[in-house]
Amino acid sequence: MDNSVKTIAPANEAGIRAAARILREGGLVAFPTETVYGLGADACNGKAVAAIFAAKGRPHFNPLIVHVENLAVAENHGRFSTGARRLAEVFWPGALTLVVPRRPESDLSLLVSAGLDSVALRAPSHAIARALLAETGRPIAAPSANPSGGVSPTTADHVAEGLADRIDFLLDGGPVPLGLESTVVGFAGEQPVLLRPGAIAREDIEAVVGPLAKPDDTIRSPGQLASHYAPNAALRLNAHRKRDGELLLGFGAVADATLNLSPRGDLGEAAANLFAMLRLLDKQGSAIAVSPIPEKGLGEAINDRLQRAAAPRTPQRDTP
Ligand code: TXA
Ligand code: MG
(Lines give C-alpha, C1' and ligand atoms only; values in the text may rest on other atoms or scores of the structure.)
(Ligands and ions follow the chains in the order given, each with its own letter.)
Protein backbone atom coordinates (compact mmCIF):
# COMPACT_ATOMS: atom_id res chain seq x y z
CA MET A 1 0.00 0.00 0.00
CA ASP A 2 1.26 3.45 -0.86
CA ASN A 3 2.00 5.30 2.38
CA SER A 4 1.78 8.78 0.94
CA VAL A 5 -2.00 8.94 1.49
CA LYS A 6 -2.31 11.02 4.65
CA THR A 7 -4.50 8.48 6.45
CA ILE A 8 -5.69 5.03 5.45
CA ALA A 9 -8.13 3.51 7.91
CA PRO A 10 -10.08 0.27 8.06
CA ALA A 11 -13.77 0.97 7.55
CA ASN A 12 -14.82 0.18 11.11
CA GLU A 13 -16.87 2.47 13.36
CA ALA A 14 -13.91 4.64 14.35
CA GLY A 15 -12.76 4.93 10.72
CA ILE A 16 -16.21 5.97 9.56
CA ARG A 17 -16.52 8.55 12.36
CA ALA A 18 -13.14 10.05 11.48
CA ALA A 19 -13.99 10.08 7.76
CA ALA A 20 -17.32 11.83 8.43
CA ARG A 21 -15.58 14.51 10.51
CA ILE A 22 -13.11 15.20 7.70
CA LEU A 23 -15.97 15.45 5.18
CA ARG A 24 -17.87 17.91 7.39
CA GLU A 25 -14.69 19.99 7.71
CA GLY A 26 -14.37 20.20 3.93
CA GLY A 27 -11.79 17.44 3.33
CA LEU A 28 -11.62 14.73 0.66
CA VAL A 29 -12.39 11.13 1.65
CA ALA A 30 -12.14 8.09 -0.65
CA PHE A 31 -14.60 5.33 0.27
CA PRO A 32 -15.97 2.08 -1.16
CA THR A 33 -19.34 1.83 -2.84
CA GLU A 34 -20.84 -1.33 -4.36
CA THR A 35 -19.67 -0.17 -7.82
CA VAL A 36 -16.19 1.42 -7.50
CA TYR A 37 -14.38 3.52 -4.88
CA GLY A 38 -15.56 7.13 -4.81
CA LEU A 39 -13.65 10.33 -4.04
CA GLY A 40 -16.04 12.14 -1.72
CA ALA A 41 -16.60 15.69 -0.52
CA ASP A 42 -19.49 17.50 1.21
CA ALA A 43 -21.72 18.23 -1.80
CA CYS A 44 -22.93 21.50 -0.23
CA ASN A 45 -19.40 22.89 0.26
CA GLY A 46 -18.22 24.57 -2.96
CA LYS A 47 -14.58 24.67 -1.92
CA ALA A 48 -14.56 20.97 -1.06
CA VAL A 49 -16.27 20.09 -4.35
CA ALA A 50 -13.72 22.21 -6.25
CA ALA A 51 -10.97 20.20 -4.54
CA ILE A 52 -12.38 16.98 -6.10
CA PHE A 53 -11.91 18.46 -9.59
CA ALA A 54 -8.36 19.53 -8.70
CA ALA A 55 -7.37 16.16 -7.16
CA LYS A 56 -8.62 14.20 -10.19
CA GLY A 57 -7.55 16.68 -12.86
CA ARG A 58 -11.18 16.49 -13.94
CA PRO A 59 -12.43 18.86 -16.66
CA HIS A 60 -14.82 21.42 -15.18
CA PHE A 61 -17.53 20.65 -17.71
CA ASN A 62 -17.95 17.16 -16.24
CA PRO A 63 -20.59 17.13 -13.45
CA LEU A 64 -20.46 14.90 -10.34
CA ILE A 65 -22.80 12.32 -8.86
CA VAL A 66 -24.27 13.31 -5.50
CA HIS A 67 -24.73 10.37 -3.11
CA VAL A 68 -27.69 10.49 -0.74
CA GLU A 69 -29.22 8.19 1.86
CA ASN A 70 -32.57 7.73 0.16
CA LEU A 71 -35.22 9.05 -2.22
CA ALA A 72 -36.67 11.46 0.36
CA VAL A 73 -33.33 13.29 0.60
CA ALA A 74 -32.88 13.15 -3.19
CA GLU A 75 -36.24 14.86 -3.68
CA ASN A 76 -34.96 17.90 -1.76
CA HIS A 77 -32.44 18.46 -4.55
CA GLY A 78 -34.05 17.17 -7.73
CA ARG A 79 -37.51 17.01 -9.30
CA PHE A 80 -38.50 13.39 -9.84
CA SER A 81 -40.95 12.60 -12.63
CA THR A 82 -43.15 9.52 -12.27
CA GLY A 83 -40.63 7.41 -14.22
CA ALA A 84 -37.65 8.66 -12.22
CA ARG A 85 -39.44 7.93 -8.96
CA ARG A 86 -40.35 4.42 -10.12
CA LEU A 87 -36.72 3.70 -10.95
CA ALA A 88 -35.53 5.01 -7.59
CA GLU A 89 -38.15 2.93 -5.79
CA VAL A 90 -37.11 -0.24 -7.60
CA PHE A 91 -33.31 0.13 -7.75
CA TRP A 92 -32.34 2.23 -4.71
CA PRO A 93 -30.32 1.72 -2.73
CA GLY A 94 -28.15 0.49 -5.60
CA ALA A 95 -26.04 1.04 -8.69
CA LEU A 96 -28.37 3.40 -10.54
CA THR A 97 -27.74 7.14 -10.93
CA LEU A 98 -30.68 9.34 -11.93
CA VAL A 99 -30.12 12.67 -13.68
CA VAL A 100 -33.11 14.90 -12.91
CA PRO A 101 -33.90 18.66 -13.05
CA ARG A 102 -32.26 20.46 -10.17
CA ARG A 103 -34.50 22.25 -7.66
CA PRO A 104 -33.62 25.95 -7.51
CA GLU A 105 -33.86 25.84 -3.71
CA SER A 106 -31.32 22.98 -3.40
CA ASP A 107 -28.30 23.91 -1.31
CA LEU A 108 -25.96 21.64 -3.27
CA SER A 109 -22.89 23.41 -4.61
CA LEU A 110 -23.52 24.59 -8.19
CA LEU A 111 -20.21 22.95 -9.13
CA VAL A 112 -21.69 19.44 -8.81
CA SER A 113 -23.91 20.25 -11.80
CA ALA A 114 -21.06 21.84 -13.82
CA GLY A 115 -23.33 24.57 -15.14
CA LEU A 116 -26.22 22.28 -16.13
CA ASP A 117 -29.72 22.72 -14.72
CA SER A 118 -29.79 19.03 -13.75
CA VAL A 119 -28.28 16.99 -10.94
CA ALA A 120 -27.14 13.35 -10.81
CA LEU A 121 -28.31 11.53 -7.66
CA ARG A 122 -27.67 8.03 -6.33
CA ALA A 123 -28.40 6.19 -3.07
CA PRO A 124 -25.63 3.58 -2.81
CA SER A 125 -26.26 0.17 -1.23
CA HIS A 126 -22.75 -0.54 0.13
CA ALA A 127 -22.93 -0.73 3.95
CA ILE A 128 -19.83 1.45 4.40
CA ALA A 129 -21.07 4.13 2.01
CA ARG A 130 -24.44 4.13 3.79
CA ALA A 131 -22.84 4.36 7.23
CA LEU A 132 -20.65 7.23 6.01
CA LEU A 133 -23.67 9.11 4.61
CA ALA A 134 -25.60 8.64 7.86
CA GLU A 135 -22.66 9.71 10.03
CA THR A 136 -21.83 12.74 7.84
CA GLY A 137 -25.45 13.88 7.65
CA ARG A 138 -24.82 15.58 4.28
CA PRO A 139 -25.06 14.55 0.65
CA ILE A 140 -21.64 13.42 -0.61
CA ALA A 141 -20.42 14.34 -4.11
CA ALA A 142 -18.21 11.53 -5.39
CA PRO A 143 -16.80 10.64 -8.77
CA SER A 144 -14.74 7.48 -9.13
CA ALA A 145 -11.52 7.83 -7.10
CA ASN A 146 -9.02 7.80 -9.97
CA PRO A 147 -7.14 10.48 -11.93
CA SER A 148 -9.43 11.72 -14.72
CA GLY A 149 -9.37 9.44 -17.77
CA GLY A 150 -7.76 6.50 -15.94
CA VAL A 151 -8.98 3.07 -14.89
CA SER A 152 -11.56 3.15 -12.05
CA PRO A 153 -10.48 1.79 -8.63
CA THR A 154 -12.01 -1.37 -7.22
CA THR A 155 -9.67 -1.68 -4.19
CA ALA A 156 -8.16 0.77 -1.71
CA ASP A 157 -4.72 -0.01 -3.19
CA HIS A 158 -5.90 1.23 -6.59
CA VAL A 159 -7.04 4.50 -5.00
CA ALA A 160 -3.69 4.97 -3.25
CA GLU A 161 -1.78 4.23 -6.48
CA GLY A 162 -3.65 6.90 -8.39
CA LEU A 163 -4.40 9.70 -5.94
CA ALA A 164 -1.99 9.16 -3.03
CA ASP A 165 -1.31 12.45 -1.25
CA ARG A 166 -4.09 14.31 -3.07
CA ILE A 167 -6.72 12.95 -0.64
CA ASP A 168 -7.09 13.45 3.10
CA PHE A 169 -8.47 10.08 4.11
CA LEU A 170 -8.99 6.65 2.57
CA LEU A 171 -11.51 4.22 4.04
CA ASP A 172 -10.37 0.71 3.17
CA GLY A 173 -13.39 -1.54 2.79
CA GLY A 174 -11.73 -4.25 0.71
CA PRO A 175 -12.54 -5.04 -2.93
CA VAL A 176 -15.92 -3.72 -4.13
CA PRO A 177 -18.59 -6.27 -5.10
CA LEU A 178 -19.70 -5.05 -8.56
CA GLY A 179 -16.58 -3.46 -10.08
CA LEU A 180 -18.33 -1.32 -12.74
CA GLU A 181 -19.74 2.17 -12.26
CA SER A 182 -23.45 2.79 -11.81
CA THR A 183 -25.82 2.94 -14.77
CA VAL A 184 -26.73 6.58 -15.44
CA VAL A 185 -30.28 7.33 -16.63
CA GLY A 186 -31.54 10.81 -17.50
CA PHE A 187 -34.83 12.04 -18.89
CA ALA A 188 -35.78 14.04 -21.95
CA GLY A 189 -39.16 15.10 -20.62
CA GLU A 190 -40.72 11.79 -19.58
CA GLN A 191 -38.54 9.72 -21.95
CA PRO A 192 -35.80 7.82 -20.06
CA VAL A 193 -32.37 8.01 -21.71
CA LEU A 194 -29.39 5.71 -21.06
CA LEU A 195 -26.54 8.17 -20.45
CA ARG A 196 -24.01 5.55 -19.35
CA PRO A 197 -24.40 1.76 -19.33
CA GLY A 198 -23.27 0.36 -15.98
CA ALA A 199 -23.66 -2.16 -13.21
CA ILE A 200 -27.44 -2.51 -13.63
CA ALA A 201 -28.22 -4.00 -17.03
CA ARG A 202 -30.35 -2.08 -19.55
CA GLU A 203 -32.79 -5.01 -19.70
CA ASP A 204 -33.55 -4.73 -15.98
CA ILE A 205 -34.26 -0.99 -16.23
CA GLU A 206 -36.33 -1.37 -19.39
CA ALA A 207 -38.47 -3.96 -17.59
CA VAL A 208 -39.56 -1.12 -15.27
CA VAL A 209 -39.79 1.98 -17.51
CA GLY A 210 -39.83 0.64 -21.08
CA PRO A 211 -37.24 1.26 -23.83
CA LEU A 212 -34.32 3.57 -22.99
CA ALA A 213 -33.47 6.15 -25.65
CA LYS A 214 -29.95 7.12 -26.77
CA PRO A 215 -28.40 10.39 -25.56
CA ASP A 216 -29.01 13.27 -27.98
CA ASP A 217 -28.84 17.06 -28.00
CA THR A 218 -31.60 17.26 -25.36
CA ILE A 219 -29.62 15.29 -22.78
CA ARG A 220 -26.20 13.70 -22.73
CA SER A 221 -23.52 12.87 -20.20
CA PRO A 222 -20.62 15.32 -20.48
CA GLY A 223 -18.31 12.74 -18.90
CA GLN A 224 -18.75 10.17 -21.67
CA LEU A 225 -15.46 10.93 -23.41
CA ALA A 226 -14.28 8.78 -26.27
CA SER A 227 -11.06 7.99 -24.37
CA HIS A 228 -11.54 6.96 -20.74
CA TYR A 229 -10.66 4.10 -18.38
CA ALA A 230 -7.37 3.99 -20.28
CA PRO A 231 -4.43 1.81 -19.19
CA ASN A 232 -0.96 2.70 -20.52
CA ALA A 233 -0.91 -0.40 -22.71
CA ALA A 234 -2.51 -0.47 -26.17
CA LEU A 235 -5.75 -2.47 -26.29
CA ARG A 236 -6.97 -4.67 -29.16
CA LEU A 237 -10.60 -5.76 -28.78
CA ASN A 238 -12.56 -8.77 -30.08
CA ALA A 239 -9.34 -10.77 -30.30
CA HIS A 240 -9.73 -14.48 -30.90
CA ARG A 241 -6.08 -15.27 -30.19
CA LYS A 242 -3.06 -13.37 -28.99
CA ARG A 243 -0.40 -12.09 -31.34
CA ASP A 244 3.35 -11.90 -30.69
CA GLY A 245 4.11 -9.56 -27.81
CA GLU A 246 0.50 -9.38 -26.61
CA LEU A 247 -1.02 -10.40 -23.31
CA LEU A 248 -4.52 -11.86 -23.61
CA LEU A 249 -7.40 -10.91 -21.35
CA GLY A 250 -9.76 -13.82 -21.93
CA PHE A 251 -13.48 -14.40 -21.47
CA GLY A 252 -15.00 -17.88 -21.46
CA ALA A 253 -13.18 -21.02 -22.58
CA VAL A 254 -9.99 -19.42 -23.97
CA ALA A 255 -6.87 -21.60 -24.00
CA ASP A 256 -3.98 -19.13 -23.92
CA ALA A 257 -5.38 -16.29 -21.78
CA THR A 258 -2.85 -14.47 -19.57
CA LEU A 259 -5.77 -13.64 -17.27
CA ASN A 260 -9.42 -14.60 -17.72
CA LEU A 261 -12.32 -12.25 -16.82
CA SER A 262 -14.56 -15.29 -16.33
CA PRO A 263 -13.51 -18.76 -17.50
CA ARG A 264 -17.16 -19.87 -17.16
CA GLY A 265 -18.39 -16.94 -19.25
CA ASP A 266 -20.27 -15.16 -16.45
CA LEU A 267 -20.73 -11.45 -17.21
CA GLY A 268 -21.15 -10.45 -13.54
CA GLU A 269 -17.85 -12.10 -12.67
CA ALA A 270 -16.23 -10.44 -15.70
CA ALA A 271 -17.52 -7.01 -14.64
CA ALA A 272 -16.12 -7.47 -11.13
CA ASN A 273 -12.69 -8.46 -12.54
CA LEU A 274 -12.43 -6.01 -15.45
CA PHE A 275 -10.66 -2.97 -13.95
CA ALA A 276 -8.38 -4.95 -11.58
CA MET A 277 -7.26 -7.26 -14.40
CA LEU A 278 -6.62 -4.34 -16.78
CA ARG A 279 -4.38 -2.82 -14.09
CA LEU A 280 -2.49 -6.11 -13.57
CA LEU A 281 -1.87 -6.63 -17.30
CA ASP A 282 -0.88 -2.99 -17.69
CA LYS A 283 1.99 -3.66 -15.28
CA GLN A 284 3.10 -6.74 -17.24
CA GLY A 285 3.18 -5.53 -20.83
CA SER A 286 2.48 -2.86 -23.40
CA ALA A 287 -0.10 -4.60 -25.59
CA ILE A 288 -3.29 -6.26 -24.37
CA ALA A 289 -5.68 -8.25 -26.54
CA VAL A 290 -9.20 -8.84 -25.20
CA SER A 291 -11.57 -11.69 -26.07
CA PRO A 292 -15.00 -10.81 -27.51
CA ILE A 293 -17.62 -10.07 -24.84
CA PRO A 294 -21.30 -10.69 -25.70
CA GLU A 295 -23.27 -7.41 -25.97
CA LYS A 296 -26.09 -8.44 -23.63
CA GLY A 297 -26.79 -7.81 -19.93
CA LEU A 298 -23.68 -6.40 -18.24
CA GLY A 299 -21.77 -7.04 -21.50
CA GLU A 300 -23.03 -3.68 -22.80
CA ALA A 301 -21.28 -1.80 -19.98
CA ILE A 302 -18.14 -3.97 -20.16
CA ASN A 303 -17.86 -3.32 -23.92
CA ASP A 304 -18.49 0.41 -23.36
CA ARG A 305 -15.55 0.57 -20.93
CA LEU A 306 -13.31 -1.52 -23.20
CA GLN A 307 -14.06 0.65 -26.25
CA ARG A 308 -13.19 3.81 -24.35
CA ALA A 309 -10.08 2.17 -22.89
CA ALA A 310 -8.98 1.26 -26.46
CA ALA A 311 -9.80 4.66 -28.02
CA PRO A 312 -7.10 7.11 -29.16
CA ARG A 313 -5.92 8.98 -26.07
CA THR A 314 -6.37 12.61 -27.14
CA PRO A 315 -9.02 14.06 -24.82
CA GLN A 316 -12.10 14.69 -26.91
CA ARG A 317 -15.84 14.65 -26.50
CA ASP A 318 -17.98 12.01 -28.11
CA THR A 319 -19.65 13.25 -31.23
CA PRO A 320 -23.41 12.69 -31.24
O1 TXA B 1 -20.73 4.04 -9.65
C2 TXA B 1 -20.57 5.24 -9.80
O3 TXA B 1 -21.37 5.93 -10.46
C4 TXA B 1 -19.34 5.88 -9.14
C5 TXA B 1 -19.50 5.75 -7.63
C6 TXA B 1 -18.41 6.42 -6.87
O7 TXA B 1 -20.76 6.23 -7.25
N8 TXA B 1 -19.20 7.25 -9.55
C9 TXA B 1 -18.86 7.60 -10.81
O10 TXA B 1 -18.72 8.96 -10.99
O11 TXA B 1 -18.66 6.80 -11.70
P12 TXA B 1 -18.02 9.61 -12.26
O13 TXA B 1 -17.92 11.04 -11.92
O14 TXA B 1 -16.78 8.89 -12.56
O15 TXA B 1 -19.08 9.47 -13.39
C16 TXA B 1 -20.28 10.23 -13.34
C17 TXA B 1 -20.96 10.24 -14.68
C18 TXA B 1 -20.17 11.07 -15.67
O19 TXA B 1 -20.25 10.43 -16.94
C20 TXA B 1 -20.91 12.40 -15.66
O21 TXA B 1 -20.75 13.12 -16.85
C22 TXA B 1 -22.35 11.93 -15.44
O23 TXA B 1 -22.24 10.87 -14.53
N24 TXA B 1 -23.16 13.02 -14.88
C25 TXA B 1 -23.09 13.55 -13.64
N26 TXA B 1 -23.96 14.57 -13.51
C27 TXA B 1 -24.63 14.69 -14.67
C28 TXA B 1 -25.65 15.56 -15.17
N29 TXA B 1 -26.16 16.52 -14.42
N30 TXA B 1 -26.07 15.38 -16.44
C31 TXA B 1 -25.54 14.41 -17.21
N32 TXA B 1 -24.57 13.54 -16.80
C33 TXA B 1 -24.11 13.68 -15.55
MG1 MG C 1 -15.11 7.97 -13.46
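Two strands are said to pair if DSSP finds at least two bridges between them. In this predicted model, β11 and strand β14 (residues 287-290) satisfy that criterion, pairing in the parallel sense over three bridges. The bridge partner of Ala 234 in β14 is Ala 287.

## Domains

The protein is divided into domain 1, covering residues 8-209, and domain 2, covering residues 234-310. Taken over C-alpha atoms, the centres of domain 1 and domain 2 are separated by 27 Å. Domain 1 contributes 22 residues to the contact and domain 2 contributes 15 residues.

## The ten-stranded sheet

Strands of a sheet pair through backbone hydrogen bonds, either parallel or antiparallel. An open sheet is formed by ten strands with mixed pairing, in the order β1-β8-β2-β3-β7-β4-β6-β5-β9-β10. Its edge strands, each pairing on one side only, are β1 (8-10) and β10 (191-196). At the β10 edge, strand β9 (residues 183-188) pairs with β10 in the antiparallel sense over five bridges. Ala 188 has Gln 191 of β10 as its bridge partner.

Helices pack on this sheet. α1 touches β1, β2 (29-32), β3 (37-42), β7 (140-141) and β8 (169-172), and the direction of α1 makes about 150° with that of β8. Helix α2 (residues 46-56) touches β3 and β7, with its direction at about 145° to that of β3.

## Helix pairs

Two packed helices are described by the angle between their axes and the distance between the axes. The following table gives these values for three pairs.

| Helix pair | Angle | Axis distance | Handedness of crossing |
|---|---|---|---|
| α1 (residues 13-24) and α5 (residues 127-136) | about 55° | 9 Å | right-handed |
| α4 and α7 (residues 202-209) | roughly 125° | within 10 Å | right-handed |
| α8 and α9 (residues 299-310) | roughly 25° | within 9 Å | left-handed |

Helices α1 and α5 pack at an angle of about 55°, and α1 and α5 are therefore oblique to each other. On the α1 side, the contact is made by Ile 16, Arg 17, Ala 19, Ala 20, Leu 23 and Arg 24, and on the α5 side by Ile 128, Ala 131, Leu 132, Glu 135 and Thr 136. By class, seven of the residues in the contact of α1 with α5 are nonpolar, one is polar and three are charged.

The axes of α4 and α7 cross at roughly 125°, and α4 and α7 are therefore oblique to each other. Helix α4 supplies Gly 83, Arg 86, Leu 87, Val 90 and Phe 91 to the contact, while α7 supplies Asp 204, Ile 205, Val 208 and Val 209. The residues of the contact of α4 with α7 comprise six nonpolar, one polar and two charged.

For α8 and α9, the crossing angle is roughly 25°. Angles under 35 degrees count as roughly parallel, and α8 and α9 are therefore roughly parallel to each other. Leu 267, Ala 270, Ala 271, Leu 274 and Phe 275 of α8 meet Gly 299, Ile 302, Arg 305 and Leu 306 of α9 in this contact. The contact of α8 with α9 has seven nonpolar residues, one polar residue and one charged residue.

## Backbone features in loops

Two loop residues carry notable backbone values. The peptide bond from Trp 92 to Pro 93 is cis, with omega near -5°. Pro 93 is placed in the loop between α4 (82-91) and β5 (96-101). In the loop between α6 (156-163) and β8 lies Ala 164. The phi of Ala 164 is near 35°, a positive value in a residue other than glycine.

## The four-stranded sheet and Asp 282

A second group of strands forms an open sheet of four, in the order β11-β14-β12-β13, with parallel pairing. Each of the edge strands, β11 (234-236) and β13 (259-260), pairs on one side only.

Asp 282 lies in helix α8 (residues 267-284). Asp 282 and Ala 234 are 48 residues apart in sequence, and their C-alpha atoms are 9.0 Å apart in space. Leaving aside its neighbours within four places in sequence, Asp 282 is in contact with Pro 231, Asn 232, Ala 233 and Ile 288.

Conventions:
Residues are numbered from 1 along each chain as its sequence is written. Chains are lettered from A and ligands numbered from 1 in the order in which they are written. This is a predicted model: local features need pLDDT of at least 70, side-chain atom pairs count only at pLDDT 80 or more; totals for chains, interfaces and linings use all residues. Side-chain values use heavy atoms; hydrogens and water are left out. Axes are lines fitted to C-alpha atoms, for helices over the stretch in contact, and angles run from 0 to 180 degrees between N-to-C directions. Angles under 35 degrees count as roughly parallel, over 145 as roughly antiparallel, 65 to 115 as roughly perpendicular and the rest as oblique. A crossing is left-handed if the near helix is turned anticlockwise from the far one by less than a right angle, and right-handed if clockwise. Contact means heavy atoms within 4.5 Å. Ala, Val, Leu, Ile, Met, Phe, Trp, Tyr, Cys and Pro count as nonpolar, Asp, Glu, Lys and Arg as charged, and the others, Gly among them, as polar. Domain bounds come from an automatic or database domain assignment.
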